[in-house]
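Student: I have the sequence and the coordinates open side by side, and I would like to work through them with you step by step. Where shall we begin?

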Amino acid sequence: MNMTDPIADMLTRIRNAATARHTRVLIPASKMKLSLARVLKEEGYVKDIEILKDNPQGTLRLTLRYVEKKPVVTQLKRVSKPGLRVYTKQANIPRVRGGLGIAILSTPKGLMTGSNAYKQGLGGEVICYVW
């Protein structure tokens, strides 16, 4: 099946797994999805990332984090979509939920959080919000 927005599919799989209280979620792998998963792990939303070589493309197995039986990821929102790309300059990087969440940006130096991009003086494409 041909998919028009694989990042939105990844975010939906994580959201659905957290809602259903699953400990792990399987996602078809790509470089972009792997770097997005690494940002989520660095920020403490995901406990572990494994790359399974079960097919030529590979599969990511994310282990979700829970605190007192509640998922750490409460919501994920796709911002920049294939039909409408959203870009921002360093001065206009959005704050998510008053600083309680993170904005993930695609910058010339790779995927990073909005606060890291601001510190490095970078702007870029706003991929998603996580809180």
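Tutor: Let us begin with helix α1, bearing in mind that this is a predicted model. Helix α1 has 14 residues, and the distance from its first C-alpha to its last is close to the 20 Å expected at 1.5 Å a residue.

Student: How far does α1 reach from its first C-alpha to its last?

Tutor: The expected span is 1.5 Å times one less than the number of residues, and α1 has 14 residues, for which 20 Å is expected. The span found in the model is close to that expectation, and its value is 20 Å.

Student: Which residue with a positive phi follows α1?

Tutor: Helix α1 covers residues 6-19, and the residue to look for comes after that stretch, with a phi near 60°. That residue is Arg21.

Student: Which residues of α1 are buried?

Tutor: A residue counts as buried when its relative accessible area is under 20%. In α1 the buried set includes an acidic residue, Asp9, alongside Ile7 and Met10. In full, the buried residues of α1 are Ile7, Asp9, Met10, Leu11, Ile14, Ala17 and Ala18.

Student: Asp9 meets a side chain in a salt bridge; which residue is the partner?

Tutor: Asp9 and its partner are four residues apart in α1, which means that about one helical turn separates them. The partner counts as partly exposed because its relative accessibility is 31%. The salt bridge has an N to O distance of 2.9 Å, and the residue that Asp9 meets in it is Arg13.

Student: At what angle do the axes of α1 and α2 cross?

Tutor: Two packed helices are described by the angle between their axes and the distance between the axes. Here the axes of α1 and helix α2, which covers residues 31-42, come within 10 Å. The two helices are oblique to each other, α1 passes α2 in a right-handed crossing, and the angle is roughly 40°.

Student: Which residues of α2 make the contact with α1?

Tutor: On the α1 side, the contact is made by Pro6, Ile7, Met10, Leu11 and Ile14. Of these, Ile7, Met10, Leu11 and Ile14 are among the buried residues of α1, and the buried residues of α2 include Lys33, Leu36, Ala37 and Leu40. The α2 side of the contact consists of Met32, Lys33, Leu36, Ala37 and Leu40.

Student: How far does α2 reach, and which residue with a positive phi follows it?

Tutor: Helix α2 has twelve residues and reaches 17 Å from its first C-alpha to its last, close to the 16 Å expected at 1.5 Å a residue. The residue that follows α2 has a phi near 90°, and it is Gly44.

Student: How far apart are the closest N and O atoms in the salt bridge between Lys41 and Asp48?

Tutor: Lys41 is partly exposed because its relative accessible area is 39%, and Asp48 is also partly exposed, at 29%. A salt bridge requires a side-chain nitrogen within 4 Å of a carboxyl oxygen, and the closest N and O atoms of Lys41 and Asp48 are apart by 3.8 Å.

Student: Arg85 also forms a salt bridge; with which residue?

Tutor: The closest N and O atoms of that pair are 3.0 Å apart. The pair links distant parts of the chain, with Arg85 in the loop between β6 and β7 and its partner in strand β10, 40 residues apart. Arg85 counts as partly exposed at 41% relative accessibility, whereas its partner counts as buried at 13%. That partner is Glu125.

Student: Is Lys69 buried or exposed?

Tutor: Lys69 lies in the loop between β4 and β5, and its phi is positive, about 65°, although it is not a glycine. Its relative accessible area is 71%, and the cut-off is over 50%, so Lys69 is exposed.

Student: Which residues does Thr113 touch, leaving out those up to four places away in sequence?

Tutor: Thr113 lies in strand β9, residues 110-113, and it is buried, with a relative accessible area of 3%. One of the residues it touches is Val39, which is among the buried residues of α2. The residues touched by Thr113 are Val39, Glu43, Ile102, Ala103 and Ile104.

How values were computed: Residues are numbered from 1 along each chain as its sequence is written. This is a predicted model: local features need pLDDT of at least 70, side-chain atom pairs count only at pLDDT 80 or more; totals for chains, interfaces and linings use all residues. Side-chain values use heavy atoms; hydrogens and water are left out. Buried means under 20% relative accessible area, exposed over 50%, partly exposed in between (1.4 Å probe, protein chains only). Axes are lines fitted to C-alpha atoms, for helices over the stretch in contact, and angles run from 0 to 180 degrees between N-to-C directions. Angles under 35 degrees count as roughly parallel, over 145 as roughly antiparallel, 65 to 115 as roughly perpendicular and the rest as oblique. A crossing is left-handed if the near helix is turned anticlockwise from the far one by less than a right angle, and right-handed if clockwise. Contact means heavy atoms within 4.5 Å.
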